[in-house]
Amino acid sequence: MQAIKTIGFIGVGVMGEPMCRHLAQKSGATVLACDRDAAPLARLAACGVRAATMAEVSAQADIVFLSLPSGEVVESVVLGENGLLAGGRAGQIIVDLSTSTMNTARKAAEAMAARGMKFADAPVMRTRAAAEAGTLAVPVGADDALFALVAPFIRMFASDVVHAGGVGAGQVVKILNNMVLYETVLALSEARAIGVRAGLSPQGLFEALSIGSADSFALRNHGMKAIAPQVFPERAFPVTYARKDISYAVALADQLGVEATGAKNLMNCLDQAIEAGHGDKYAPAISLVFEGK
């Protein structure tokens, strides 16, 4: 493994904070973290993480992890004025844990390669609870050599790490994962509304579905824990984030000439939920559209 003495982490929010903590506790390296919010940085300081500016992370870190809210932010942090490309050096590795697009990943990798830097896309899947437990799932887009370098670090916060293919492949897996997941969440939302109007209890309906061929991760987690009881907390993966991810899936489908009618219908439902004021609620709150709320 390439000698990694200093790890940088940019974006220590809902998912980034626990991932950064795992790296600090398990890597044996110095960990520098950068975020606009001082609160998670203060909590991470107890694990030995040092708060730093982006310029300091760029100058000092051998490998930099990003956990940012969108592909647009990733592009700004990596390729923008005073970004990681401008401040980086040959041999430095950037690993993007955010959900972005295939095109953004490939654009960043190409620009970094011209400077002798390396870039991998490794968007994380599963929940905040999985991030806390170190049991995330991560598809990685990178060449074989780079995957071998970054996988041991990713395994410090993920129990399932797969080499999805070349740069951009990780993002394709992630956005299609979320497309399939939330199309299922949409189906569960419709099922609840129909079942309740037919006189069934939502929990009873979903328990019955769970012993049939409709059983799924989405049913047991999003369905039983959120849609059935209509509990949609904030500070979880919100409707607006789901819409962002599905918009990436629809754009990729259009780029490749696939008429993704299911994903476009899902986009319409997400838009309705946002227009109704549910954008900051946990993404299964699209169920509220069918409840007339």
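The turns below deal with aromatic rings in a predicted model.

Residues are numbered from 1 along each chain as its sequence is written, and side-chain values use heavy atoms, without hydrogens and water. Local features need pLDDT of at least 70 and side-chain atom pairs count only at pLDDT 80 or more, while totals for chains, interfaces and linings use all residues.

User: How many aromatic pairs are there by the rule?
Analyst: Rings of Phe, Tyr and Trp (its six-membered ring) pair if their centres lie within 6.5 Å; planes under 30 degrees apart count as stacked, over 60 as edge-to-face and the rest as tilted. By this rule there are four aromatic pairs.

User: What makes the pair of Phe 9 and Phe 65 stacked?
Analyst: The centres of Phe 9 and Phe 65 are 6.1 Å apart and the planes differ by 20°, so the pair is stacked. Phe 9 is in strand S1 (residues 6-10) and Phe 65 in strand S4 (residues 63-66), so the pair ties together parts 56 residues apart in sequence. Strands here are DSSP runs (E, at least two residues), numbered from the N terminus.

User: Why is Phe 9 called buried?
Analyst: Buried means under 20% relative accessible area, exposed over 50%, and partly exposed in between (1.4 Å probe, protein chains only). Phe 9 has 0% relative accessibility, so Phe 9 counts as buried.

User: Is Phe 65 buried or exposed?
Analyst: Phe 65 has 0% relative accessibility and therefore counts as buried.

User: Which residues form one aromatic cluster?
Analyst: Phe 9, Phe 65 and Phe 157 do.

Technical notes
Helices (H or I, at least four residues) and strands (E, at least two) are DSSP runs, numbered from the N terminus.
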